Structure formats: C-alpha cells, structure tokens
Amino acid sequence: MSTDTNDTESGESGGHCSTPDSDGEVAEEIAIISFERKLDTAREIREGIGDGYERVDVVEYHGDVFAEHWGEYDCFVGLMASGIAMRKTAPLLDDKWDDPAIVVVDEELTWAIPITGGHHGANQVAHDLSQLGAVPAMTTASEAAGKQGVESKAKALDAHVVNGDSTVATNLAVLNDELGPVARLDGPRAVLVGDDVTVLKRNADDGVVLGTGTVSGVEKSQVLDAWEAALSDLGSDFSDVDFVATGTRKEGEGGLYDAAREIGAGVVLFEKATLEEFEGPSPSRSKELIGWPGIAEASAIAGGRDHELAREKERFDDAVTVAVGR
C-alpha cells in the first residue's frame with residue numbers, strides 16, 4: 001500500500017475550504033482510493049482539484065483501505081466500480097452527519113457519482129470533478145430536482161444545521177415549493193420549534209451580502225472586478241462577504257458561480273416573490289421589461305441581517321450590477 005500526499009499546505013484556503021458544509025464541517029481532506037493500474041488517473045484527479053482543498057492524498061487500494069482510513073478524511077473518492085466502494089464501506093456507515101462523504105468515479109472520468117454524504121461534501125466534490133470532464137450524477141432529491149436543499153442553503157449562508165433530524169421534513173417542503181425563504185431571528189430571544197423546523201446557526205459574525213445581477217454569459221473576471229470596486233467604496237474586501245445573493249433566474253450562471261467560488265462564498269438564490277417583498281429604492285428596467293424587481297438591491301436587502309443597503313446598486317462594465325446589504 002502506498003500514499004501520495006498533495007503538496008498543498010495545511011491551512012491554505014482554496015475555492016471550498018472556507019465554505020462550510022451543513023454540519024459546520026467542510027470537505028477539506030480527501031483520499032483518492034485507486035487500484036495500482038489506475039494511479040496515474042488518480043494523480044490526474046489530484047492535480048485537477050487539489051488547489052481547492054487542504055489535503056488530497058492518493059492511496060493505493062487494498063481490501064481494508066476504507067476501514068484503515070475511516071475518520072481520517074472528510075471524503076473518499078473511489079476510482080473504482082461503485083459496487084466495490086459500496087460493499088467495502090457499507091459496514092462502516094453509522095450516521096450521515098458524522099460519516100465521510102463517498103464519491104465514485106470511473107477510470108475514463110466519465111461519471112462522478114456521490115453514493116453517501118451528498119449534502120456533506122460528496123456533491124461538492126462531484127461538481128469539482130466535472131472540471132475534468134466527469135458528469136456529476138447527483139441523486140439527492142433537491143439537487144436532482146434543481147432545487148436548493150436546506151443543507152445547501154446552510155452552506156451558502158455560512159451556517160450549520162443544529163437539528164439534523166429536521167431536514168427530512170424541510171427538504172420535502174423544498175421539493176414541494178412550500179419552504180419559503182429562510183427566516184432570520186436575532187436575539188436575545190427564545191425560540192420553540194417543532195421537529196419539522198430546521199434551525200441554522202451562523203458560523204461567524206455577520207459581514208455584508210453582495211446582491212448581484214448579471215448579463216447572460218458574464219465572465220468571472222467581470223464579476224470579481226465589480227465586487228471589488230463595490231466593496232472598496234465601503235472600506236471592505238472579500239473577507240467581509242457573508243455570501244452572494246441573487247435571483248433564481250440567475251441559477252447556473254457560470255461566471256457568477258465561478259467568481260463566488262474564487263472568493264470562498266456561497267450563492268443564495270431568492271425567488272421572485274421574496275425579492276418583491278424587499279424591493280430596493282433605485283428604479284429598475286427589469287421590472288418594466290420582465291416584471292422582476294431589481295435583483296441586485298432586492299437580494300442584498302433580503303439577505304442582509306438588518307435588511308438594509310450599505311451601498312445602493314451600481315452597474316459595472318455594462319455586465320454586472322452590484323448592491324451591498326447588511
């Protein structure tokens with residue numbers, strides 16, 4: 001058995017290390033488990049995704065390799081048939097909030113399939129493997145339906161789920177379009193909740209929210225330049241950003257999501273009805289043309305702790321509109 005260690009130093013933050021997973025942890029340390037004849041492909045994977053994690057090791061497969069390293073890594077990437085990974089890890093599984101995530105990928109890098117821990121790092125890693133050409137085969141219900149489950153909402157909000165058992169009910173509500181926006185309560189106060197209410201707790205003090213609207217096909221560099229300019233006027237920088245907020249009509253906008261990953265921030269998508277409740281003060285052509293309120297200001301206000309604007313919207317490079325909420 002041999003192990004190749006990634007050169008990334010512990011503590012360096014890549015595109016994901018500052019983005020908490022739903023239980024307050026992140027997929028920071030990954031083991032790529034590979035048969036000897038596939039080690040070159042395993043090293044190719046490590047080269048492709050290694051900058052986004054604290055540690056990515058290549059570990060040669062043997063019969064007890066998963067048991068030997070169980071608890072050492074946040075996620076296992078099995079470069080093998082899914083049946084092998086399932087049979088070897090099934091006896092080790094205990095609790096979805098504590099077990100490592102598991103993804104399998106074939107030698108040709110055609111498919112990346114999360115088999116456990118989809119909301120706890122596996123979907124994230126599968127998505128990153130798509131950079132190498134693999135198709136991420138998400139089977140968690142909310143992602144399969146193109147919706148943002150409560151664990152994903154927690155990740156985007158830099159929060160963690162306090163009561164994990166509640167997520168079965170709340171994710172079902174997500175699928176049925178019955179959940180609505182996350183309510184923000186500030187204390188001191190006491191809250192009594194039922195079993196079907198998911199409680200999210202922030203991982204850090206509140207910063208600012210980048211409300212963002214873009215043209216289709218926007219480039220990552222355009223978004224980053226716009227954010228930097230908007231923040232600099234406030235004496236802030238990317239480290240002060242809680243998350244990026246936008247409308248659901250911008251879901252999947254590659255340049256926007258790439259820019260968010262670059263600064264280690266999650267993206268929160270607000271429905272049209274929510275944005276209408278938090279419409280900003282500046283006139284918006286989108287309201288006249290398509291019936292949507294201005295996305296940048298409305299999403300910044302909706303996402304901010306105080307539901308206030310720290311900076312009204314400004315359009316940059318005729319491609320990106322940014323407002324800052326608090």
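Buried means under 20% relative accessible area, exposed means over 50%, and partly exposed lies in between. Keep these cut-offs at hand for the exercises below, which work through a predicted model.

**Exercise 1. The chain as a whole**

Task: Find what share of the 326 residues is buried, and how many helices and strands the chain has.

Solution. Start with burial: 48% of the 326 residues in the chain are buried. Next, take the secondary structure, where you will find 12 helices and 14 strands. Then turn to the contacts with a separation of 6 or more: 65% of them are between residues 24 or more positions apart. Finish on the outside, where the chain exposes about 15,400 Å². Carbon and sulfur atoms supply 46% of that exposed area.

**Exercise 2. Helix α9 and its neighbours**

Task: Work out which residues of helix α9 are buried, and which elements they pack against.

Solution. First, locate α9 at residues 254–262. Its buried residues are Gly255, Leu256, Tyr257, Ala259 and Ala260. Second, look at what these buried residues touch: they pack against β10 (208–214), α8, β11 and β12 (266–270). Third, step past the end of the helix. There α9 is followed by Gly264, which has a positive phi, near 70°.

**Exercise 3. A salt bridge between two helices**

Task: Which residue forms a salt bridge with Glu262, and is Glu262 buried or exposed?

Solution. Begin with the partner: Glu262 forms a salt bridge with Lys220, and the closest N and O atoms are 3.3 Å apart. The pair links distant parts of the chain, with Glu262 in helix α9 and Lys220 in helix α8, 42 residues apart. Now apply the cut-offs. Glu262 has 51% relative accessibility, so this residue counts as exposed. Lys220 has a relative accessible area of 33% and is therefore partly exposed.

**Exercise 4. Two more pairs and a network**

Task: For the salt bridges Asp57 with Arg55 and Glu314 with Arg311, decide which partner is buried.

Solution. A search of the whole structure finds 9 salt bridges, and we take these two in turn. In the Asp57 and Arg55 pair, the closest N and O atoms are 2.6 Å apart. Asp57 is buried because its relative accessible area is 1%. Arg55, with a relative accessible area of 25%, is partly exposed. In the Glu314 and Arg311 pair, the closest N and O atoms are 2.5 Å apart. Here Arg311 is the buried partner, at a relative accessible area of 12%, whereas Glu314 is partly exposed at 33%. As a last step, follow shared partners: salt bridges join Arg55, Asp57 and Glu72 into one network.

**Exercise 5. Two surface patches**

Task: Which residues gather in a patch of negative charge, and which make a nonpolar surface patch?

Solution. Take the charged patch: Asp225, Glu228, Asp237, Asp240, Asp317 and Asp318 gather on the surface. Place one of its members, Asp240, in the loop between α8 (220–232) and β11 (241–247). Asp240 counts as partly exposed because its relative accessibility is 31%. A patch residue needs over 30% relative accessible area, and the 31% of Asp240 is the value to check against that cut-off. Now the nonpolar patch: Val162, Leu185, Val191, Val193, Val197 and Val199 make one of about 450 Å². Of these, Leu185 can be placed in the loop between α7 (167–175) and β9 (200–202).

Conventions:
Residues numbered from 1 in each chain as written. Predicted model: local features only at pLDDT ≥ 70, side-chain atom pairs only at ≥ 80, totals over all residues. Heavy atoms only, no water. Patch = residues over 30% accessible without salt bridge, like charges linked within 9 Å, V, L, I, M, F, W, Y side chains within 5 Å. Areas by Shrake-Rupley, 256 points an atom, 1.4 Å probe, with all protein chains shown as cover. Salt bridge = Lys/Arg side-chain N within 4 Å of Asp/Glu carboxyl O. Lys, Arg positive; Asp, Glu negative; His and termini not counted. Charge placed at Lys NZ, Arg CZ, Asp CG, Glu CD. Helix = DSSP H or I, 4+ residues; strand = E, 2+ residues; numbered from the N terminus. Buried < 20%, exposed > 50% of the residue type's maximum accessible area, 1.4 Å probe, protein only. Contact = heavy atoms within 4.5 Å.
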